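Please open the model in your viewer and show the side chains, then follow the stops below in order.

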Amino acid sequence: QVHLVESGGGLVQPGGSLRLSCVVSGSIISLNFMGWYRQAPGKQRELVAVITRSGITNYGDSVKGRFTISRDNAKDTINTVYLQMNSLKPEDTAVYYCHSKTDWGNDYWGQGTQVTVSS
């Protein structure tokens with residue numbers, strides 16, 4: 001079993017920055033993909049960013065150049081994935097979900113953290 005706990009959401013003005021963190025614990029040895037998705041009211045959940053065990057990254061088109069994903073695999077029992085969000089826009093407002101996928105295709109999700117970009 002894998003447990004994901006997000007933190008770092010909140011209210012920020014347009015142009016501001018936030019850093020999300022997700023601590024992943026449990027059976028982490030098989031984790032490959034770790035990343036972030038978001039869902040705005042009335043919209044489908046969409047990919048924000050993903051990073052593999054080896055550090056390969058992929059970003060959604062709307063966040064390229066503004067968001068950066070990183071991953072800390074240093075501990076044996078905990079992995080942490082970060083999402084640095086810069087130049088935030090009102091359209092970035094959403095609930096952000098941490099996600100992980102094992103080598104066998106099992107998906108795990110966090111409970112979500114609200115990010116609101118508003119003046």
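Is Glu46 buried, partly exposed or exposed, and what is its relative accessible area? In this predicted model, Glu46 is partly exposed, with a relative accessible area of 35%. Keep Glu46 selected and add Arg38, because the two side chains meet in a salt bridge with N to O at 2.6 Å, and note that Arg38, at 6% relative accessibility, counts as buried.

Next, add Asp92, which forms a salt bridge with Arg38, the closest N and O atoms being 2.9 Å apart. Arg38 belongs to strand 4, whereas Asp92 is in the loop between strand 8 (78–85) and strand 9 (94–102), so this pair ties together parts that are 54 residues apart in sequence. Both Arg38 and Asp92 are buried. Selecting Arg66 as well completes the view of a network of salt bridges that links Arg38, Glu46, Arg66 and Asp92.

Now move to Tyr37 and Trp109, whose ring centres are 5.2 Å apart and whose planes stand at 65 degrees, so the pair is edge-to-face. Tyr37 lies in strand 4 (residues 31–39) and Trp109 in strand 10 (residues 107–109), so the contact joins parts 72 residues apart in sequence. Tyr37 is partly exposed at 24% relative accessible area, and Trp109 is partly exposed at 38%.

With Trp109 still shown, select Arg45, whose charged end sits over the Trp109 ring, 4.7 Å from its centre; Arg45 also lies over the face of Tyr97, at 3.8 Å from the ring centre.

Finally, select Lys101 and Asp107, where the side chains meet in a salt bridge of 2.9 Å, N to O.

Note on methods
Residues are numbered from 1 along each chain as its sequence is written. This is a predicted model: local features need pLDDT of at least 70, side-chain atom pairs count only at pLDDT 80 or more; totals for chains, interfaces and linings use all residues. Side-chain values use heavy atoms; hydrogens and water are left out. Rings of Phe, Tyr and Trp (its six-membered ring) pair if their centres lie within 6.5 Å; planes under 30 degrees apart count as stacked, over 60 as edge-to-face and the rest as tilted. Helices (H or I, at least four residues) and strands (E, at least two) are DSSP runs, numbered from the N terminus. Buried means under 20% relative accessible area, exposed over 50%, partly exposed in between (1.4 Å probe, protein chains only). A charge sits over a ring if NZ of Lys or CZ of Arg is within 6 Å of the ring centre and within 35 degrees of the ring normal. A salt bridge is a side-chain nitrogen of Lys or Arg within 4 Å of a carboxyl oxygen of Asp or Glu.
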